[in-house]
Amino acid sequence: MPAETVVWRFVDLDTILLLGNFSMKAMVLENICDLEKNDQPLRMTHLPEPVPGMGEIVIKIRTCGVCHTELDEIEGRTPPLVFPMVLGHQVVGRVAASGPDAERFKKGDRVGVAWIFSACGSCDFCKTDRENLCAAFKATGRDDHGGYAEFMRVPEGFAYAIPDGLADGEAAPLLCAGAIGYRSLRLTRLEDGQRLGLTGFGASAHLVLKMVRHRFPGAKVFVFARSAEERAFAVELGASWSGDIGEMPPEALDAVIDTTPVWRPVMEALLCLKPGGRLVINAIRKESKDNDLLMQLDYPRHLWMEKEIKSVANVARRDVTEFLKIAAEIPIKPEFQEYPLEAANIALMELKQRKIRGAKVLRIA
């Protein structure tokens, strides 16, 4: 095989393409690794520009958000199907090309792509706007190539028009952190005047706080975070109170959204809920190392009095569409730090080390 030609395995797995026309820069994950030992998990390389298939578009990417889920992919907690893989699922760019039967967007339209890359479209879940629960759900940047690159392809039905008034860097975090935060907030059934707790204060939680302040002006938000900087940031954005994980808020809470990867905050949040309160867990996984905490669950203290626990699984297209509209109307503009594509490893390691103030966004073009 010539040195300039490599095997690139696309996610449909029934096609192996031998390509040598490398014209697209991309940061790729080539294998699972331990970020405690390797602070350069992604490698800059050149790949073929994608070609749109039936009903697909190709996007020339301008920005891509950096998400905690990428850490889970890199360290093997929710690994990609195949390697190498282009991570990234908060993508904003312009339509560069359209495949056969792709007529929803025209060349040059500004669009975004979120965590949901595709679903079957025919199951009961898909027919009821719950394609996030579809057995054939595919995730952007895990089950098909994502946005840590100059171009990507996606089924046009899973791309979203980006509203005017949102800059590329502002729009990227809205596609995951914002949309999943919106879904989590919907699931709390929060009403104006009630009290909401946020456990963990990263990209998603800070957008939920902004949303609550505008949609429910009479509501109070209480933030729990390990980092003093995150707690101060929450108050700066309008939180009524902030404290460490395990501290009791001054008032009992109607609902809590947990965005952490561990179990302890779940146990602490249940103690803070009033009777009939609801805990919504916005996390793709929980670390197994502290599973023994669940053995300490005390039914009378943690769950009795009709308290509820609800998990969030992925995100549906309805969530992304509705949230983008709301964000543009309010408007909700996230706090974010921007990095060049080549600095993706730096952004990821800062996220791993909890060096967070809002969201992190890669500038591609």
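**Exercise 1. The surroundings of helix 9**

Which strands and helices are included in what covers the buried residues of helix 9?

Solution. The model is a predicted one, and the work begins with the helix itself. Helix 9 spans residues 344–352, and its buried residues are A344, N345, A347, L348, M349 and L351. Turning from these residues to what covers them, one finds that the cover includes strand 3, strand 4, strand 5 (56–66), helix 1 (68–74), strand 19 (336–340) and strand 20 (359–363). Following the chain onward, one meets R354 just after helix 9, where this residue takes a positive phi of about 65°.

**Exercise 2. A three-stranded sheet**

Determine the order of the strands in the open sheet that contains strand 3, and state which strands lie at its edges.

Solution. The sheet is open and consists of three strands in the order 4-3-6, with antiparallel pairing. Strand 4 (42–47) and strand 6 (85–86) are the edge strands, since each of them pairs on one side only. Strand 3, which covers residues 24–29, is joined to strand 4 by six bridges, the two running antiparallel; in the register of this pair, M24 stands opposite L47 of strand 4. As general background, the strands of a sheet pair through backbone hydrogen bonds, in either a parallel or an antiparallel manner.

**Exercise 3. The nonpolar cores**

Identify the residues that touch the most other members of the largest nonpolar core, and then examine the contacts of F201.

Solution. The largest nonpolar core holds 99 residues, of which Y148, L198 and F201 touch the most other members. Helix 3 (residues 168–188) gives the most to this core, contributing 10 residues. Apart from this core lies another one, of 14 residues, which includes V256, V266, C272 and L273. When neighbours within four places in sequence are left aside, F201 is in contact with H206, L209, V223, A225, E230, F233, A234, L237 and R354. In soluble globular proteins, nonpolar side chains tend to be buried together.

**Exercise 4. Helix 6 and an acidic residue in strand 16**

Describe the packing of helix 6, and decide whether D254 is buried or exposed.

Solution. Helix 6 comprises residues 264–272, and P265, V266, M267, A269, L270 and C272 are buried in it. These buried residues pack against strand 13 (195–199), strand 14 (220–224), strand 16 (253–258), strand 17 (273–281), helix 7 (299–303) and strand 18 (308–311). D254 has its place in strand 16. Its relative accessible area is 14%, and because the limit for burial is under 20%, D254 counts as buried. The side chains of D254 and K274 are joined by a polar contact of 3.3 Å. Not counting residues up to four places away in sequence, D254 touches Q194, R195, L273, K274, G277 and R278.

**Exercise 5. Backbone geometry in the loops**

Locate the cis peptide bonds before P84 and P331, and compare the exposure of E306 with that of N314.

Solution. F83 and P84 are joined by a cis peptide bond with omega of about -5°, and P84 lies in the loop between helix 1 and strand 6. The bond from I330 to P331 is likewise cis, with omega near -10°, and P331 is found in the loop between helix 8 (317–329) and strand 19. E306, in the loop between helix 7 and strand 18, has a positive phi near 60°, while N314, in the loop between strand 18 and helix 8, also has a positive phi near 60°. E306 is exposed, with a relative accessible area of 69%, whereas N314 is partly exposed, with a relative accessible area of 22%.

Key: Residues are numbered from 1 along each chain as its sequence is written. This is a predicted model: local features need pLDDT of at least 70, side-chain atom pairs count only at pLDDT 80 or more; totals for chains, interfaces and linings use all residues. Side-chain values use heavy atoms; hydrogens and water are left out. Two strands pair if DSSP finds at least two bridges between them. Helices (H or I, at least four residues) and strands (E, at least two) are DSSP runs, numbered from the N terminus. Buried means under 20% relative accessible area, exposed over 50%, partly exposed in between (1.4 Å probe, protein chains only). Contact means heavy atoms within 4.5 Å. A nonpolar core is a set of buried Ala, Val, Leu, Ile, Met, Phe, Trp, Tyr and Cys residues joined through side-chain atoms within 4.5 Å. A polar contact is a pair of N or O atoms within 3.5 Å; within protein, one must be able to donate a hydrogen and the other to accept it, and residues adjacent in sequence count only if both atoms are side-chain atoms.
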